[in-house]
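Reader: I'd love to go through this one with you and ask how each label was earned. Shall we take a look together?

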Amino acid sequence: MPRSVSLLFVLLLSAGLTGMPAVTVAQTASTLDARPDAPRSWLSMEGGHSTSGGFVARLSAHHVRAPHLFSARFLGESPGRGFLEGFFQESRSELGGLYGRSTNWDWGHASVSTGVAVVWEEAYSSGPVNWTTVGLPLEATLYLTIPYRPIDWLGLKVGGHGNINLEDSFAGATVGLVIGKLR
């Protein structure tokens, strides 16, 4: 990875960990293949404030082969005030696997997926785990990149995620920066 891209990756990662909305993406070299059905893989990290006033962090890995999208994601949310205070009071987490369909074109990528996930909540004042359940994770993503050189490696990501479960269903939206070619 070129030094400037590595530096930008570290800056975006640190911005995501401090609570500012950010997305970082890294991909395999196969994404540079000119075939539209070429396999592609990437990592994504997002962080920001939740609708409950706390902090949300999301880490996911994706692999696309033809129109098939396979994803694994970990999502953590603290409803407290800020990152440190919230995670020491209580937190809700999700670990799931998703399957979906995707399409790509010269200047973007769109996908919709669902799957199965384990969701749990921890409240440190009342014990280690309050509840654990199985949920239905949902995700929709749209990546748009600038189609002109020399900045065709820069783009915008808009996405939504959620989880339907018996204990505490939730949903959220993200907006972020894409670095790399997602075609």
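Author: Happy to! Accessible areas here come from the Shrake-Rupley method with a 1.4 Å probe. On that basis the protein, a predicted model, exposes about 9,800 Å², and carbon and sulfur atoms supply 69% of this area.

Reader: What is the order of helices and strands along the chain?

Author: Counting from the N terminus, the elements run α-β-β-β-β-α-β-β-β-β-β, with two helices and nine strands in the protein.

Reader: Why is Arg 58 called buried?

Author: Buried means under 20% relative accessible area. Arg 58 has 5% relative accessibility, so Arg 58 counts as buried. Arg 58 sits in strand β3 (residues 55–65). Across the protein, buried residues make up 42% of the 183 residues.

Reader: What makes the pairing of Arg 58 with Glu 139 a polar contact?

Author: The two side chains come to 2.7 Å, and the cut-off for such a pair of N or O atoms is 3.5 Å, so the pair qualifies as a polar contact. Glu 139 is also among the residues in contact with Arg 58, a list including Phe 74, Lys 157 and His 161.

Reader: And why does Leu 156 count as partly exposed?

Author: Partly exposed lies between the 20% and 50% limits. Leu 156, in strand β8, has 40% relative accessibility, so Leu 156 falls in that class.

Reader: Which residues form the nonpolar patch on the surface?

Author: Trp 107, Leu 142, Leu 144, Leu 156, Val 158 and Val 175, with about 490 Å² of accessible area together. Strands β7 (131–145) and β8 (154–164) each supply at least two of the patch residues.

Key
Residues are numbered from 1 along each chain as its sequence is written. This is a predicted model: local features need pLDDT of at least 70, side-chain atom pairs count only at pLDDT 80 or more; totals for chains, interfaces and linings use all residues. Side-chain values use heavy atoms; hydrogens and water are left out. Patches are made of residues with over 30% relative accessible area and no salt bridge: like charges are joined within 9 Å, nonpolar side chains (Val, Leu, Ile, Met, Phe, Trp, Tyr) within 5 Å. A salt bridge is a side-chain nitrogen of Lys or Arg within 4 Å of a carboxyl oxygen of Asp or Glu. Helices (H or I, at least four residues) and strands (E, at least two) are DSSP runs, numbered from the N terminus. Buried means under 20% relative accessible area, exposed over 50%, partly exposed in between (1.4 Å probe, protein chains only). A polar contact is a pair of N or O atoms within 3.5 Å; within protein, one must be able to donate a hydrogen and the other to accept it, and residues adjacent in sequence count only if both atoms are side-chain atoms. Contact means heavy atoms within 4.5 Å. Lists of a residue's contacts leave out its neighbours within four places in sequence.
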